[in-house]
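This report describes selected features of one protein chain for a reader who has not met it before. Strand pairing is taken up ahead of the aromatic rings and one charged residue.

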Amino acid sequence: MRRRGTPARRTGAAGAALALCSAGVLLGVAATPAQAAQVSFATHCVPPAGIDPVDGTTKVEITAPASAKVGDTVDIVWKFVQAASKNPNIIDLPANSVQPSGVLKAAGAQTADIALQGPRQNPAIPKGGDMVLSDMKGSLKLTAPGEVTLTPDAYTVNAMSTDTKCTPKETVQKAATIQVAPGGGGTSSGTPTQSTTPTRSSTPTSTPTATGGTGQSDFPGKEVQVPYACKTPIGDKNATSPVQINAKKNNGSYDLTVQFKKSVMNSPADIPKDSVKPSMEVALGGADKGTVHVEGPTNANPIKSGEPIEIPDLTGTYKPGASGTSTLSPGVLTIKALGTTTTCTPTKSEVSLTLDTTQQPGGASGGTSTSGGSSSSGGSSGSSSGAGGLAETGSGDHGALKALGLVAGTAILLGGAVFTFMPKRRTR
C-alpha cells in the first residue's frame, strides 16, 4: 500500500507544483514590471544672474514599465543620483526649499515631451553642498504600438523662488524602453498636458485726481507703475512695481501712506519675526524738492513656509518746504532683512499725488531728505495715482513676483524678482 501510494502522492505534489508554476507564469504574463536604468550626461547649468554658470555631470535613474499596451497611461519616475551643480557658496538652503522639474523625451513609436516635477522636499543644504533633489514624476499616455524610448533632457532647479536651468551638453543615451502592444487603443495625443503660466491680470489705475482743495483733508493718490533697478547682494535686478501714495493733512504738514494692495504671496521659507523692514524715499517735485522718508514695521509674527506674506503700509510725515503745486512720486525703496540690504532706484519718475502746499518752517524744499535717499523730481503733471503690490515678475495670479529669498539668517534677492512681499488689500 505504501509503495502504491507513494507515486500517487508524488503525482499529487507534482501537480500542485505544476499548478503553482502555471499560476506564476500567468501572473508574469499579466504584470508589467518596472525597469530602472541609469544614465549620465554632461550638463551646462545657468544659475540666477550674478552667479557664474556651472558645467558638471548629471546622473539620473529613470523608472518606467517594461511593457504596456496602447491606451495605457504609464507612470515614469526620474531619480537624481547626482545633480550637475552644487549649492553656490552664498547661502544655506533650508529644508523643503528646493523643487526640481524637467522634461523627458519620448521617441520611437510615438514622440512626446513628458513634463515631470518633484515635490519641494529636501534636507537642509549648506553653502557649497551637494544638491539633494526629490524624485520627479510624470506620465505618458501610449498611443501607438511598438518601442517607445525615454531619454532625459533639460531640467530646472527652483530654490527659494529662483531658477537654475540645466541643459545637456551632449547627446544623451536613452534611459528606458517601453514595449507597447496593441490594445484598447486610444487616439489621444501622447504629449502630456503641460502646465501653463497664469494670465497676468491688469490692475485699473482710475483713481480720481487729488488736489488740495479748501477744507479737504484726505488726498488719495493714484496707482503708478514704477520701473526699478535694484542692487541686490548677488547682482543687479530690474522689475516694475505698482505703488500708490496717499496723504492726510495734519495742520500744515501731511501724513503720508504708501500702500501696496495686491494679493499676497506665499513665503518660500520660514521667516522669523522682526526680521524684515521695508522703507522708501518719496520723491518731491514741482514747487518742492527733496525726499520724504516713509517706512513700515517689521513683521510682528514668524511666517511659516507656504504661508502668505504681507507688507504693511509705509508711513511718514511730509512738511512742505515751498508754496505752490508739489508732486509726490515713489522713490528709492530699501529692504533690510536679516543683516542684508537691497536698494531699488526708479529708472523713470511718475507722479502718484499732487498737492497744493504752503511752506512750513524747516520744510523739505531745497533737496533735503530725512534719511539721505536719492531725490527725484516728479516730472509728470499733477495727477494722482493708486495702489499696487510689489515687484512684477511673472507669477500672474499672485500679482507677479518672484521673490526675496529669506534663507537661514540671510536675505537675498534672486531670479527675476525684486521683493518677496506682496500687500494685503485693505478694506475701506
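In this predicted model, strand β20 (residues 324-329) and strand β23 (residues 353-357) run antiparallel and are joined by five bridges. Within this pairing, G324 stands opposite T357 of β23. Strand β20 also pairs with strand β16 (residues 276-286), again in the antiparallel sense, over four bridges. Here S326 in β20 is the bridge partner of G286.

A loop lies between β16 and β17 (290-295), and D288 is found in it. Which side chain of opposite charge is nearest to D288? That side chain belongs to K289, at 7.1 Å, and D288 has no salt bridge although it is buried. A salt bridge would require a side-chain nitrogen of Lys or Arg within 4 Å of a carboxyl oxygen. The side chain of D288 does take part in other contacts: a polar contact of 2.5 Å joins it to the side chain of Y318, and it reaches the backbone nitrogen of G321 at 2.9 Å.

The aromatic rings form the next topic. The count of aromatic pairs comes to five. One of them is formed by F80 and Y155 and is edge-to-face. This pair links distant parts of the chain, with F80 in strand β4 (residues 73-82) and Y155 in strand β8 (residues 146-159), 75 residues apart. Ring pairs also bring W78 together with F80 and Y155 in a cluster.

Another pair consists of Y254 and Y318; the planes of the two rings stand at 25°, so the pair is stacked. It too links distant parts of the chain: Y254 belongs to strand β14 (residues 253-259) and Y318 to strand β19 (residues 314-318), 64 residues apart. Y318 is thus the residue whose side chain also contacts D288.

The geometry of the two pairs is set out below.

| Pair | Centre to centre | Angle between planes | Arrangement |
|---|---|---|---|
| F80 and Y155 | 5.1 Å | 65° | edge-to-face |
| Y254 and Y318 | 6.1 Å | 25° | stacked |

Are the residues of these pairs buried or exposed? F80 has a relative accessibility of 10% and therefore counts as buried, the cut-off for this class being under 20%. Its partner Y155 is buried with a relative accessible area of 2%. In the stacked pair, Y254 is buried at a relative accessible area of 2%, and Y318 counts as buried at 0% relative accessibility.

Methods. Residues numbered from 1 in each chain as written. Predicted model: local features only at pLDDT ≥ 70, side-chain atom pairs only at ≥ 80, totals over all residues. Heavy atoms only, no water. Phe/Tyr/Trp six-rings, centres within 6.5 Å; stacked < 30°, edge-to-face > 60°. Helix = DSSP H or I, 4+ residues; strand = E, 2+ residues; numbered from the N terminus. Buried < 20%, exposed > 50% of the residue type's maximum accessible area, 1.4 Å probe, protein only. Pairing = 2+ DSSP bridges. Lys, Arg positive; Asp, Glu negative; His and termini not counted. Polar contact = N/O pair within 3.5 Å; in protein donor to acceptor, adjacent residues only side chain to side chain.
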